[in-house]
Amino acid sequence: MAAIIKKLSGANLDIDLASQGDVAWQQDQCPWNAAEGLNSHRCALKNVSICPYFCGVEYLDQLLCCYPHDNPLRAQTAA
Ligand code: SF4
């Protein structure tokens with residue numbers, strides 16, 4: 001499998017859990033938005049930012065989120 005799938009850097013993504021039921025599929029709520037009673041936090045905003053709690057995406061559409069803990073992946077990549 002490793003020879004088939006490549007990890008490519010530099011993706012520019014728009015990802016969020018902020019549809020508030022306005023989509024045809026089941027969507028979990030962002031725990032940060034839930035804790036603050038907001039709908040403003042986005043996982044990744046194209047050309048702008050990536051949430052500090054964003055830990056990636058797993059096939060097919062599962063978001064990996066570490067809120068409210070420090071992001072262990074950021075600690076690995078900071079050096
Ligand atoms: S990464 Fe987690 S805390 Fe950040 S916006 Fe996405 S769901 Fe919310």
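**Exercise 1. Work out which secondary structure elements the protein chain holds and how they are ordered.**

Solution. Start with the count: the secondary structure of this predicted model comes to two helices and four strands. Next, walk along the chain from the N terminus, where the elements run α-β-β-β-β-α. Two of these elements can now be placed by residue number: α1 covers residues 31-36, and helix α2 covers residues 72-77.

**Exercise 2. Find out how confident the predictor is in the protein chain, and which elements have the lowest and the highest mean pLDDT.**

Solution. Begin with the chain as a whole: its mean pLDDT is 93, and 95% of its residues reach 70 or more. Then turn to the elements. Helix α2 has the lowest mean pLDDT, at 86, while α1 has the highest, at 98.

**Exercise 3. Describe how strands β3 and β4 are paired.**

Solution. First, locate the strands: β3 takes in residues 54-58 and β4 residues 62-65. Second, look at their direction, which is antiparallel, with three bridges in the pairing. Third, pick out one bridge: Val57 has Leu63 in β4 as its partner. Finally, check the link, where three residues lie between the two strands of this hairpin.

**Exercise 4. Characterise the residues around the ligand.**

Solution. There are 13 residues around the ligand, and those that come nearest are Cys30, Trp32, Cys43, Cys51 and Cys65. Now ask which elements give two or more residues to this shell: they are α1 and β4. The last step is to sort the shell by class, which gives 11 nonpolar residues, one polar and one charged.

**Exercise 5. Decide whether Asn12 is buried or exposed, and find its contacts.**

Solution. Asn12 is in the segment before α1. Count its C-beta neighbours inside 10 Å: there are 9, so Asn12 counts as exposed, since the cut-off for exposed is 12 or fewer. Setting aside neighbours within four places in sequence, Asn12 is in contact with Lys46 and Asn47. For a sense of distance, take Pro31, which is 19 residues from Asn12 in sequence; their C-alpha atoms are 23 Å apart.

**Exercise 6. Do the same for Asn33.**

Solution. Asn33 sits in helix α1. Because it has 18 C-beta neighbours inside 10 Å, Asn33 counts as partly exposed. Leaving out residues up to four places away in sequence, Asn33 touches Ala18, Leu38, Asn39, Ser40 and His41. Ala18 is 15 residues from Asn33 along the chain, and 8.4 Å separate their C-alpha atoms.

**Exercise 7. Step back and describe the protein chain as a whole.**

Solution. Take the extent first: along its principal axes, the C-alpha trace spans about 40 × 30 × 25 Å. Then consider burial, where 9% of the 79 residues count as buried. To finish, look at contacts between residues at least 6 apart in sequence: 33% of them join residues at least 24 apart.

Key:
Residues are numbered from 1 along each chain as its sequence is written. This is a predicted model: local features need pLDDT of at least 70, side-chain atom pairs count only at pLDDT 80 or more; totals for chains, interfaces and linings use all residues. Two strands pair if DSSP finds at least two bridges between them. A residue is near a molecule or strand if its C-beta atom, placed from the backbone, lies within 6 Å of it. Ala, Val, Leu, Ile, Met, Phe, Trp, Tyr, Cys and Pro count as nonpolar, Asp, Glu, Lys and Arg as charged, and the others, Gly among them, as polar. pLDDT is the predictor's confidence in each residue, from 0 to 100. A residue is buried if 20 or more other C-beta atoms lie within 10 Å of its own, exposed if 12 or fewer, and partly exposed in between; C-beta atoms are placed from the backbone. Two residues are in contact if their C-beta atoms, placed from the backbone, lie within 7 Å.
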